[in-house]
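This report concerns the surface and the fold of a single chain. Please consult the sequence and the model below.

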Amino acid sequence: MSDLNRGIMKFEGADSPKLITISTVVLLGSILALILWALSSAYAIA
């Protein structure tokens, strides 16, 4: 059993590279969207 399967994500495949990649893209995309939204709200950027 992998170390990553022992924490919150206690299901098979929780530490698969595919799932980690998908969750990383979603997380970074959300952060980027929030930053762009904040900048466009604060400054009149297109």
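## Nonpolar surface patch

In this predicted model, L27, L28, I31, L32, I35, L36, L39 and Y43 together form a nonpolar patch of about 800 Å² on the surface. One of these patch residues, L36, is located in helix α1, which comprises residues 17-42.

## Secondary structure and exposure

The chain contains one helix and zero strands. Burial is assigned to 4% of its 46 residues.

The accessible surface of the chain amounts to about 4,100 Å². Carbon and sulfur atoms account for 73% of that area.

## The environment of S40

S40 is also placed in helix α1. Is this residue buried, exposed or partly exposed? The relative accessible area of S40 is 34%; because buried means under 20% and exposed means over 50%, S40 is classed as partly exposed.

The side chain of S40 has a polar atom 3.0 Å from the backbone oxygen of W37. This separation falls within the 3.5 Å cut-off for a polar contact.

Conventions:
Residues numbered from 1 in each chain as written. Predicted model: local features only at pLDDT ≥ 70, side-chain atom pairs only at ≥ 80, totals over all residues. Heavy atoms only, no water. Patch = residues over 30% accessible without salt bridge, like charges linked within 9 Å, V, L, I, M, F, W, Y side chains within 5 Å. Areas by Shrake-Rupley, 256 points an atom, 1.4 Å probe, with all protein chains shown as cover. Salt bridge = Lys/Arg side-chain N within 4 Å of Asp/Glu carboxyl O. Helix = DSSP H or I, 4+ residues; strand = E, 2+ residues; numbered from the N terminus. Buried < 20%, exposed > 50% of the residue type's maximum accessible area, 1.4 Å probe, protein only. Polar contact = N/O pair within 3.5 Å; in protein donor to acceptor, adjacent residues only side chain to side chain.
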